[in-house]
Amino acid sequence: MSKKLVLFGDSLFGEIRKTETLMLEEKLGGEYDVYNCATGGWSTNDLVKKAPYISGLKPEIVIISAGTNDSAPWKRVELETFKSNLPIIAEQFSQSRVIFFPPPPVTEVLLEENKIMSNEAVKMYNDAVIEFCKEASIGYIDSWSFFMKLKDNNQSYHVADGIHFTREGYDLLFSALSGVIQS
């Protein structure tokens with residue numbers, strides 16, 4: 001019987017369709033069945049409310065994508081509230097291995113005029129997740145480092161909105177994720 005891996009969080013995971021789910025399951029050697037429990041637009045305020053239910057799935061691993069919506073000006077969750085939400089969410093999955101996926105950089109020039117985000121703001125939320133994970137000895141994916149390498153080399157990993165990933169972006173994410181899971 002396969003182990004359960006739950007994706008939980010915002011649209012960076014919510015956009016993952018069956019094709020990408022199968023790609024992730026394959027990268028993990030068929031050892032896990034992937035359940036996508038992420039929804040576009042969710043912030044950590046939403047994750048706090050939904051975590052008690054999702055944790056009832058009793059996954060071996062839960063990967064939590066948090067911070068992109070929290071850092072967006074049109075949905076902003078104040079940084080201190082965001083920081084206080086992270087342990088509340090993680091505690092709900094005390095029977096699971098928790099891995100966080102902090103918000104990666106956006107491609108600012110692609111963002112719609114009414115959806116402007118700055119990488120400066122996104123980085124503050126990214127850093128808050130990493131700080132929490134280090135203090136709590138929780139695994140995380142260093143999204144900023146590996147996506148910034150692509151960005152610095154003018155390699156695209158975003159679809160036209162500048163926030164969500166292309167198939168190549170998901171492939172990179174899944175490779176990093178599989179490395180963290182197997183470490």
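Is Cys-133 buried or exposed? In this predicted model, Cys-133 turns out to be buried, with just 1% of relative accessible area. The other cysteine to look at here, Cys-37, is buried too, at 16%.

Burial does not bring these cysteines into a bond, though. A disulfide is a covalent bond between the sulfur atoms of two cysteines, and the count for this structure comes to 0. For Cys-37, the nearest cysteine sulfur belongs to Cys-133 and sits 19 Å away, which leaves Cys-37 in no disulfide. Seen from the other side, the closest cysteine sulfur to that of Cys-133 is the one in Cys-37, and 19 Å is too far for a bond. The cut-off is 2.5 Å between sulfur atoms.

Charged pairs are another matter. Side chains of opposite charge can pair when their charged atoms come close, and the structure holds 4 salt bridges. Three of them are described below, starting with one that links two helices.

That pair is Asp-171 and Lys-27, whose closest N and O atoms are 3.1 Å apart. Asp-171 belongs to helix 8 (residues 167-182) and Lys-27 to helix 2 (residues 18-27), so this salt bridge ties together parts that are 144 residues apart in sequence. As for solvent, Asp-171 is partly exposed at 30% relative accessibility, and Lys-27 also counts as partly exposed, at 29%.

The next two stay within a helix. In helix 5 (residues 79-92), Lys-83 and Glu-80 lie 3 residues apart, about one turn of the helix. Their side chains meet in a salt bridge, with 3.6 Å from N to O. What about their exposure? Glu-80 counts as exposed, with 56% relative accessibility, whereas Lys-83 is partly exposed at 31%. The threshold for exposed is over 50%, so Glu-80 passes it at 56%.

Helix 6 (residues 119-136) offers a similar arrangement: Lys-123 and Asp-127 both lie in it, 4 residues apart, again about one turn of the helix. Here the closest N and O atoms of the salt bridge are 2.6 Å apart. Lys-123 is partly exposed, with a relative accessible area of 27%, and Asp-127 falls into that class as well, at 34%.

Put side by side, the cysteines and the charged pairs give two pictures. Cys-37 and Cys-133 are both buried, and the disulfide count is 0. Among the salt bridges, Asp-171 with Lys-27 joins helix 8 to helix 2, while Lys-83 with Glu-80 sits inside helix 5 and Lys-123 with Asp-127 inside helix 6.

Notes:
Residues are numbered from 1 along each chain as its sequence is written. This is a predicted model: local features need pLDDT of at least 70, side-chain atom pairs count only at pLDDT 80 or more; totals for chains, interfaces and linings use all residues. Side-chain values use heavy atoms; hydrogens and water are left out. Buried means under 20% relative accessible area, exposed over 50%, partly exposed in between (1.4 Å probe, protein chains only).
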